[in-house]
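Here is a short report for a reader meeting this structure for the first time. Please keep the sequence and the model in view while reading.

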Amino acid sequence: MAPHMIIATAQQFDEAVKAATTMHELDDLLHDITREMGFQHFALSHHVDVPRAPQPALRIHNYPGDWEAFFDAERLGPSDPVHRASHLTNAGFHWSMLPQLIVLTRRDEEILAKSRKAGLTDGFTVPAHIPGESAGSCSFASARGKTPRREWMPLAQFIGATAFEGARRLVGVRRIDQDRPRLSDRQRECIYWAARGKSDWEISKILGISHDTAIQYMKEARGRYGVGNRTQLAIHALFDGALTFTDALRR
């Protein structure tokens, strides 16, 4: 397939996902694009024990029924080796790369052998990391002897990320803006420096404000999140996306 045709197909998929109004429509779109890329199966989910998780928890797939039954019975959502590996990268990866991403245990090997027996021989997984939400992914799997189209691999990550975002929208995972704590720029700057271990006095000197003003900004920020100390404030800001781990750990 020519590159311009691949791009056109990806654009059509993006537009179709944005226009979808139900998870059933998204399921159909994923089924079609999965086949077009040369895979046989797809699975889009949060990495939780879905049947027992507080809602909303995403999962749509066309994996074999016996694999789904085994997966849920063993509660593999949080511990599946493919899921664990996806927590360590933002890039899509082939399942053959698992030993490079995590140390495979005997139990992991048993799970992978079980998946191959169920018809999930090889695959490509696209991680989904959203602050404040359970980790997730979108995987595309192929059976033994079925080789996905190589020219689709560079765009498989786009397909997975687009589908996951579409699923979040459809089930209402994304919080409504008015429900999200709103921080001022100064409050966010104060949290940034507090997360890096600076005292209120040090923050006042860095930002060129009075000590009392720095204290007030931190007090107001804690009030926005309803927390009582700097540690809780930093944690909430991290999960809300107002602060990143890079901000907090930068040396």
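## Arg-75 and its loop

Arg-75 counts as partly exposed, at 48% relative accessibility. The model is a predicted one. Arg-75 sits in the loop between α3 and α4 (81-86). Its phi is near 50 degrees, a positive value in a residue other than glycine.

Arg-75 also has charged partners. Salt bridges that share partners join Arg-75, Asp-49 and Arg-52 into one network.

## Salt bridges

How many salt bridges does a search of the whole structure find? The count is twelve. One of them joins the side chains of Asp-14 and Lys-18, at 3.2 Å from N to O. Both residues belong to helix α1, and because they are four residues apart, about one helical turn separates them. Is Asp-14 buried or exposed? Asp-14 counts as buried, because its relative accessibility of 18% is under the 20% cut-off. Lys-18 is exposed, with a relative accessible area of 57%.

Helix α7 holds another salt bridge, between Arg-168 and Glu-165. Here the N to O distance is 2.7 Å. The two residues are three apart in the helix, so about one helical turn lies between them. Arg-168 counts as buried, at 4% relative accessibility. Glu-165 is partly exposed, with a value of 28%. A further salt bridge links Glu-68 with Arg-59, and the closest N and O atoms are 3.6 Å apart. Glu-68 is partly exposed at 29% relative accessibility. Arg-59 is partly exposed too, with a relative accessible area of 25%.

## Aromatic rings in helix α3

Four aromatic pairs turn up in a search of the whole structure. A pair of aromatic rings is described by the distance of the centres and the angle of the planes. For Trp-67 and Phe-70, the ring centres are 5.4 Å apart and the planes meet at 40 degrees, so this pair is tilted.

Trp-67 and Phe-70 both lie in helix α3 (residues 65-73). They are three residues apart, about one turn of the helix. Both are buried. Which residues do ring pairs link into a cluster? They are Trp-67, Phe-70 and Phe-71. Phe-70 has a charged partner as well: Lys-114 lies over the face of its ring, at 5.1 Å from the ring centre.

## Two nonpolar cores

The largest nonpolar core has 26 residues. Leu-30, Leu-44 and Phe-140 have the most contacts inside it. Several elements each supply at least two residues of this core: α1 (3-19), α2 (23-36), β1 (41-46), β4, β5 (136-142) and α7 (153-171). Which element gives the largest share? It is α7, with six residues. A second, separate core has 18 residues, including Leu-183, Ile-191, Val-227 and Leu-233.

What does Phe-140 touch, leaving aside its neighbours within four places in sequence? Its contacts include Leu-30, Met-37, Phe-39, Phe-42, Phe-124, Ala-156 and Ile-159. Thr-34, His-41 and Asp-122 are also among them.

## Thr-125 in strand β4

Thr-125 is found in strand β4 (residues 122-128). Thr-125 is buried, with a relative accessible area of 0%. What does its side chain meet in a polar contact? The partner is the side chain of Ser-139, at 2.6 Å.

Residues up to four places away in sequence are not counted in the contacts of Thr-125. Those that remain include Val-82, Ser-86, Ala-91 and Gly-92. Phe-93, Trp-95, Ser-137, Cys-138 and Ser-139 are also touched.

## Helix α11 and its ends

Which residues of helix α11 (residues 230-240) are buried? They are Leu-233, Ala-234, Ala-237, Leu-238 and Asp-240. Leu-233 is also one of the residues of the second core.

Each end of α11 has a local feature. At the start, a side-chain oxygen of Asn-229 reaches to within 3.1 Å of the backbone nitrogen of Thr-231. Just after the helix, Gly-241 takes a positive phi of about 90 degrees.

Notes. Residues are numbered from 1 along each chain as its sequence is written. This is a predicted model: local features need pLDDT of at least 70, side-chain atom pairs count only at pLDDT 80 or more; totals for chains, interfaces and linings use all residues. Side-chain values use heavy atoms; hydrogens and water are left out. Buried means under 20% relative accessible area, exposed over 50%, partly exposed in between (1.4 Å probe, protein chains only). A polar contact is a pair of N or O atoms within 3.5 Å; within protein, one must be able to donate a hydrogen and the other to accept it, and residues adjacent in sequence count only if both atoms are side-chain atoms. Contact means heavy atoms within 4.5 Å. A nonpolar core is a set of buried Ala, Val, Leu, Ile, Met, Phe, Trp, Tyr and Cys residues joined through side-chain atoms within 4.5 Å. A salt bridge is a side-chain nitrogen of Lys or Arg within 4 Å of a carboxyl oxygen of Asp or Glu. Rings of Phe, Tyr and Trp (its six-membered ring) pair if their centres lie within 6.5 Å; planes under 30 degrees apart count as stacked, over 60 as edge-to-face and the rest as tilted. A charge sits over a ring if NZ of Lys or CZ of Arg is within 6 Å of the ring centre and within 35 degrees of the ring normal.
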